[in-house]
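Trainee: I'd like to learn how to read a two-chain model. Could you walk me through it?

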Amino acid sequence: MLGLGTTAWLLERKIDIAAVRVGPWVVWPRSGTPEIDPYARAIYAQSGQIALASAEGVLLLADMDDAGTPLTGGCSYRITGELPPARFWTLSVATSAGLPIDNAAGRYAFTSAEVLRRSNGSFAINAASSVRPGNWLPLSGPDRFTLALRLYDSSLGNTSAQLERSAVPSIWKEDCH
Amino acid sequence: MTRDRIVPALLWAVAILFVGAIVHIVSILILPGIAPNDAFTRVAAASVPGTVQFLPRAVSRQNSVPFRDPAVASAICRYDLQQGPLRIVAVVTDSAFVAVSFHTRFGLPFYGLSDRASDDGKLEVVLLSASQLDKVEAGDSEDGPVREVRVTSPTTEGFVQFDILPRVGGYPAAEQALKSVSCKIERNL
């Protein structure tokens, strides 16, 4: 009972001892390769998630802001900073279980091709439930949510475990209602 | 007296934890083999091997596969190597990022390649079992170079996934580009 209970508890919370935390982001090194760790393997089998092949890209997830507070649809957030090297990237919003969140604007993700940049090439994305100028990523409902950052054709590959804090974007809470 | 009770109690606690740890490890290891609703079951089990099946855009909750990218248009092709090797082709253009990944029966990727590996504007891969590869290589001519990429699968069944992320034109352009992918069972190899 104890053993099965621990398994169920870890899978329910998607707790993987091999996951690496970089600032607010979590990355699973080797999850896109045959050397995937047994915990990630069990989590994927149970949730039905299709792992991103490391030759295709790397997935980073965040369910907390930089201060360690859970991300909720009742607050707005500013996502800004550096990105690890990649030919393309996308940033999208999902429920904690990874399902899409409906929004009236019909905007579900930002891609490297769409994002508006400042003259120096940097950018900021505003995740909020009400319309924002610039790069607005709509949130909806008061529930907790997860940000998914995918780096396609990234030179990170299997070295994502060595990601540095300065190489990933920050998530700052702006205001809550 | 007290020590007489504490020592057996501690031994029991250690034994319970030990058994618990073993059960935990075994359950983690066997779960991928028995999970009733894994990625293969959700996206591929209902499709016919050797046909391209377009996945709905990941914007609706009815789409039950978690953490799919809503900006990417995807299709899958189920394979069953008992029916023969699978040849897949994806046309590559400058207007989109194209990636092909190969997944086992348990949904885990074992090989992947992107448009950077394309040859003559397309990605072409033949997926085979180890014995089929031996047979094909025996038939290769000595001097002619082999143009296609050959990959062996660790499982007899599984699925190939095509992903397209457009540079311009948004999701509709990706969906349009996805129509150029193909997969078919090579029964004559």
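Mentor: Sure, and keep in mind that this is a predicted model. Let's start where the chains meet: 45 residues of chain B are in contact with 42 residues of chain A.

Trainee: Which elements give two or more residues to the side of chain B that touches chain A?

Mentor: Helices H1 (2-34) and H2 (39-43) do, along with strands E4 (96-104), E5 (109-114) and E8 (157-166), all in chain B. H1(B) supplies the largest share, 11 residues. By type, this side of chain B splits into 26 nonpolar, 12 polar and seven charged residues.

Trainee: Now the sheet in chain A. What is the order of its strands?

Mentor: This open sheet of six strands runs E1-E2-E3-E9-E5-E6, with antiparallel pairing. Strands E1 (20-22) and E6 (109-111) of chain A each have a single partner strand, so one side of each lacks a neighbour in the sheet. From one strand to the next, the twist averages 25°.

Trainee: How many bridges join E5 to E9 in chain A?

Mentor: Nine, between residues 86-95 of E5 and residues 145-154 of E9 in chain A. Ala86(A) sits opposite Ser154(A) of E9(A).

Trainee: And backbone oddities? Is Phe67(B) buried or exposed?

Mentor: Phe67(B) is not a glycine, yet has a positive phi of about 55°. You'll find Phe67(B) in the loop between E1 (52-54) and E2 (73-80) of chain B. Phe67(B) counts as buried because it has 23 C-beta neighbours inside 10 Å, and the cut-off for buried is 20 or more.

Trainee: What about Asp120(B), buried or exposed?

Mentor: Asp120(B) also isn't a glycine and has a positive phi of about 55°, but Asp120(B) is exposed, with 7 other C-beta atoms within 10 Å. Look for Asp120(B) in the loop between E5 and E6 (122-128) of chain B.

Conventions
Residues numbered from 1 in each chain as written. Chains lettered and ligands numbered in written order. Predicted model: local features only at pLDDT ≥ 70, side-chain atom pairs only at ≥ 80, totals over all residues. Pairing = 2+ DSSP bridges. Helix = DSSP H or I, 4+ residues; strand = E, 2+ residues; numbered from the N terminus. Axes fitted to C-alpha atoms, helices over the stretch in contact; angles between N-to-C directions. Contact = placed C-beta atoms within 7 Å. Nonpolar A, V, L, I, M, F, W, Y, C, P; charged D, E, K, R; others polar. Buried ≥ 20, exposed ≤ 12 C-beta atoms within 10 Å, placed from the backbone.
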